[in-house]
Amino acid sequence: MADTPPPLVVDTSFKPETGKPVEVLPKLVRVTAPNASPFTFTGTNSFILGGDRVAVLDPGPDDAVHRAALMAAIAGRAVEAIILTHTHKDHSAGAPALVRETRAPLWFAGPHRLSRPPHLLEINALAGGCDWGLRPDRTLFDGEAFTVGGVDLVAIATPGHCANHMAYGLAGTDRLLTGDHIMGWNSTLVSVPDGSMGDYLASLEKVLALPYEHYIPAHGGPIPDGPAYARSLLAHRKLRNKQVIDAVGKGATRVDHLLNRIYPQLKGTLRMAAGMTLKAHIEYLSEQNAIRARRTPFGLRLSPA
Ligand SMILES: [Zn+2]
């Protein structure tokens, strides 16, 4: 049964109250943006942290209706900072207009960057979804503790989905704002060279070693037993690695051979996304010398190590 998919149990029961402020915890309010899609699930969750003064985490897409919902939830309170988990546009494109409207500074882990230098003529399939021009007023660093809106946060670098991804721990609690690194509705998209499978696996291990029990993602609902879910994500990715090695061992030489074998049920954009994630697995495995992958003008050509 080597090709049986892992028992990754996702939770797609989340019912967003799009545009409405929902208190997740004291001093943590979620406002879900109206950008539901196959990639964003029920839309991006923006968060408002704080009490008398606040911070906004992930303003979401550049959407006037969502911005008005955020401003209504802020309700005239001073905004001390606008913070990003990462610079994919479904999280960050709304930042400049919200900065103008609130005059708050923008904090995140540095401009959008690739996870490794691009190969000659390589295309970043996610390029159009990245906010290349956005610059932070303050650059956040891994392990940095800070207080904003009266809430103590710890920035935790979690590259993999993309290079500048940060999760934020609510200091002194067991809650972690996981952004797109860990989401309960689906495993995250990892597409090279924007993201990196090696970084993603290392970031899963990193978060598992921290004392957080409940994860609050940027798409979908809270994950009550975060570590158990993160461990199942790791197992899922490790099984995928094994499936790729096995398929290449049995003669698969191209990405579409792997897609047919590993994701036979997927069609359209989801098949495309699975192809991106498989390329990330291939890159990781060839770095580990578990398979060989040769770049040709016609795409990757695979062979056993
Ligand atoms: Zn996202």
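Three helices, α2 (89-92), α5 and α7, each supply at least two residues of the lining of the largest pocket, and I should say at once that what we are looking at is a predicted model. Among the contributors, α7 gives the largest share of that lining, namely six residues. The space in this largest pocket comes to about 960 Å³, and 37 residues line it, those closest to the centre being Phe39, Asn186, Ser187, Leu189 and Ala273. Sorted by class, the lining divides into 20 nonpolar, twelve polar and five charged residues.

Let me set the second largest pocket beside that one, with its volume of about 730 Å³. Its lining is made of 26 residues, and the ones nearest the centre are Glu122, Lys279, Arg295, Gly299 and Leu300. Which elements each supply at least two residues here? They are the helices α6 (255-262) and α7, together with the strands β13 (291-296) and β14 (299-304). Once again α7 provides the largest share, six residues of the lining of the second largest pocket. By class, the lining of the second largest pocket splits into twelve nonpolar, five polar and nine charged residues.

Since α7 has now come up for both pockets, I would like to turn to how it meets α5. Two packed helices are described by the angle between their axes and the distance between the axes. For helix α5, residues 226-249, and helix α7, residues 268-287, the axes come within 10 Å and cross at roughly 75 degrees, which makes α5 roughly perpendicular to α7. On the α5 side the contact is made by Arg237, Arg240, Asn241, Val244 and Ile245, and on the α7 side by Thr277, Leu278, His281, Ile282, Tyr284 and Leu285. If we class the residues in this contact of α5 with α7, we find six nonpolar, three polar and two charged.

Now to the sheets, beginning with the one of seven strands, which is open, has mixed pairing, and follows the order β1-β2-β3-β4-β5-β6-β7. At its edges stand β1 (22-25) and β7 (138-139), and each has a single partner strand, so one side of each is left without a neighbour in the sheet. Within this sheet, strand β4, residues 53-57, and strand β5, residues 78-83, run parallel and are joined by five bridges; to pick out one position, Val56 has Ile82 in β5 as its bridge partner. Helix α3, residues 95-102, packs on the sheet and touches β4, β5 and β6 (106-108), while its direction makes about 160 degrees with that of β5.

The other sheet I want to show has five strands in the order β8-β9-β10-β11-β12, and this sheet too is open, with mixed pairing. Which strands stand at its edges? They are β8 (145-148) and β12 (214-217), and because each has a single partner strand, one side of each is left without a neighbour in the sheet. From one strand to the next, the twist averages 30 degrees. Looking at the β8 edge in particular, β8 and strand β9, residues 151-157, run antiparallel and are joined by four bridges, with Thr147 standing opposite Asp152 in β9.

To return to where I began, α7 is the helix to keep in view: six residues of the lining of the largest pocket come from α7, as do six of the lining of the second largest pocket, and its axis crosses that of α5 at roughly 75 degrees.

How values were computed. Residues are numbered from 1 along each chain as its sequence is written. This is a predicted model: local features need pLDDT of at least 70, side-chain atom pairs count only at pLDDT 80 or more; totals for chains, interfaces and linings use all residues. Side-chain values use heavy atoms; hydrogens and water are left out. Axes are lines fitted to C-alpha atoms, for helices over the stretch in contact, and angles run from 0 to 180 degrees between N-to-C directions. Angles under 35 degrees count as roughly parallel, over 145 as roughly antiparallel, 65 to 115 as roughly perpendicular and the rest as oblique. Contact means heavy atoms within 4.5 Å. Ala, Val, Leu, Ile, Met, Phe, Trp, Tyr, Cys and Pro count as nonpolar, Asp, Glu, Lys and Arg as charged, and the others, Gly among them, as polar. Two strands pair if DSSP finds at least two bridges between them. On a 1 Å grid over the protein atoms alone, a cavity is a set of points where a 1.4 Å probe fits but cannot get out, and a pocket is an open set with protein on both sides within 12 Å along at least five of seven lines; lining residues have an atom within 4 Å of a point. Grid points are joined across faces, edges and corners, and a volume is the space filled by probe spheres set on the points.
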